[in-house]
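This report covers salt bridges, selected buried residues, one pocket and some backbone features of a single chain.

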Amino acid sequence: MELSQIKTVTLEATIPTASFVQHCVDVSKFHQCCRQCPNFSNTWSCPPFDFFPESVWQSYQTLLLYGKKVMIPVRLQEKSFSADELESVSVSLLQPVKDRIFSHLLQLERQTIDSMALSAGSCRLCGEGNCTRSQSLPCSNPSRMRYSIESLGGDVGLAVALYLGEQMIWGRSGHLPSYYMLIGGLLMDPVAAVPRRKG
């Protein structure tokens, strides 16, 4: 599989955070979904938190939604995979793109006073399953760990439709979809201090 052949389309929109909260944030609903994920309470970037996620959204006036639409080649869409193979192939396709999105958002954060980057998906800085939270130890990368939109109760699928004019899709059983969406963000124009990270 040649990852250099994977095409991506950049998606971005700058919106009032209040609009995003009104339409796309439901912390209790999404944290219930998070409970089904093995990262719940085992990764510092994931809930439960020692702060209220609502306070993060309320502390910024502007949100930049930024991400990539990752186009999956037809030859890969046509292949059938076992569940484990599908997970492995998906990670190998998406992780390099996630890393590029994360690097870009951190750069924007450095260039934008008092801003806060939001990662596209959960933190994997220490590798899958290696977060120190599971050992009740502080975060190993507190200067780089960031929360995702989902972990703070945001509905990425709805945001993609409302603000980016796209749709999230899913592959049928054993097959990759025609594309994936990876969406992070940058919170800007603070109105109050917020807890950046735990650890």
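Ser41 sits in the loop between H2 and H3, where helices (H or I, at least four residues) and strands (E, at least two) are DSSP runs numbered from the N terminus. Its phi is near 65°, a positive value in a residue other than glycine. Ser41 has a relative accessible area of 33% and is therefore partly exposed; buried means under 20% relative accessible area, exposed over 50%, and partly exposed in between (1.4 Å probe, protein chains only).

The model is predicted, so local features need pLDDT of at least 70 and side-chain atom pairs count only at pLDDT 80 or more, while totals for chains, interfaces and linings use all residues. Residues are numbered from 1 along each chain as its sequence is written, and side-chain values use heavy atoms, with hydrogens and water left out.

The loop between H2 and helix H3 (53-58) also holds Pro48. The peptide bond from Pro47 to Pro48 is cis, with omega near 0°. A positive phi, about 60°, is found again at Ser136, which is not a glycine. Ser136 lies in the loop between S3 and H6, and with a relative accessible area of 67% this residue is exposed.

His31 belongs to helix H2 (residues 27-34) and, at 15% relative accessibility, counts as buried. Leaving aside neighbours within four places in sequence, His31 is in contact with Phe40, Pro47, Phe49, Pro53, Ser151 and Gly153; contact means heavy atoms within 4.5 Å. A polar atom of the His31 side chain lies 2.7 Å from the backbone oxygen of Ser151. Such a polar contact is a pair of N or O atoms within 3.5 Å; within protein, one must be able to donate a hydrogen and the other to accept it, and residues adjacent in sequence count only if both atoms are side-chain atoms.

Three salt bridges are present, each defined as a side-chain nitrogen of Lys or Arg within 4 Å of a carboxyl oxygen of Asp or Glu.

| Salt bridge | N to O distance |
|---|---|
| Lys69 and Glu166 | 3.0 Å |
| Arg146 and Glu109 | 2.6 Å |
| Arg124 and Glu128 | 2.8 Å |

Lys69 lies in strand S2 (residues 60-71) and Glu166 in the loop between helix H6 (156-164) and strand S4 (179-190), so their salt bridge ties together parts that are 97 residues apart in sequence. Lys69 and Glu166 are both buried. Arg146, in the loop between strand S3 (116-118) and H6, and Glu109, in helix H5 (residues 83-111), are 37 residues apart and link distant parts of the chain. Both of these residues, Arg146 and Glu109, are buried. Arg124, by contrast, counts as partly exposed at 30% relative accessibility.

Arg124 also helps to line the second largest pocket: of 13 lining residues, Gln95, Asp99, Phe102, Ser122 and Arg124 lie nearest its centre. The lining has four nonpolar, four polar and five charged residues. The space in this pocket is about 200 Å³.

Helix H6 includes Ala159, which is buried with a relative accessible area of 4%. Beyond its neighbours within four places in sequence, Ala159 is in contact with Phe20, Cys24, Leu65 and Leu164. The C-alpha atoms of Ala159 and Ile183 are 9.4 Å apart in space, and the two residues are 24 apart in sequence.

Pocket terms are as follows. On a 1 Å grid over the protein atoms alone, a pocket is an open set of points where a 1.4 Å probe fits, with protein on both sides within 12 Å along at least five of seven lines, and lining residues have an atom within 4 Å of a point. Grid points are joined across faces, edges and corners, and a volume is the space filled by probe spheres set on the points. Ala, Val, Leu, Ile, Met, Phe, Trp, Tyr, Cys and Pro count as nonpolar, Asp, Glu, Lys and Arg as charged, and the others, Gly among them, as polar.
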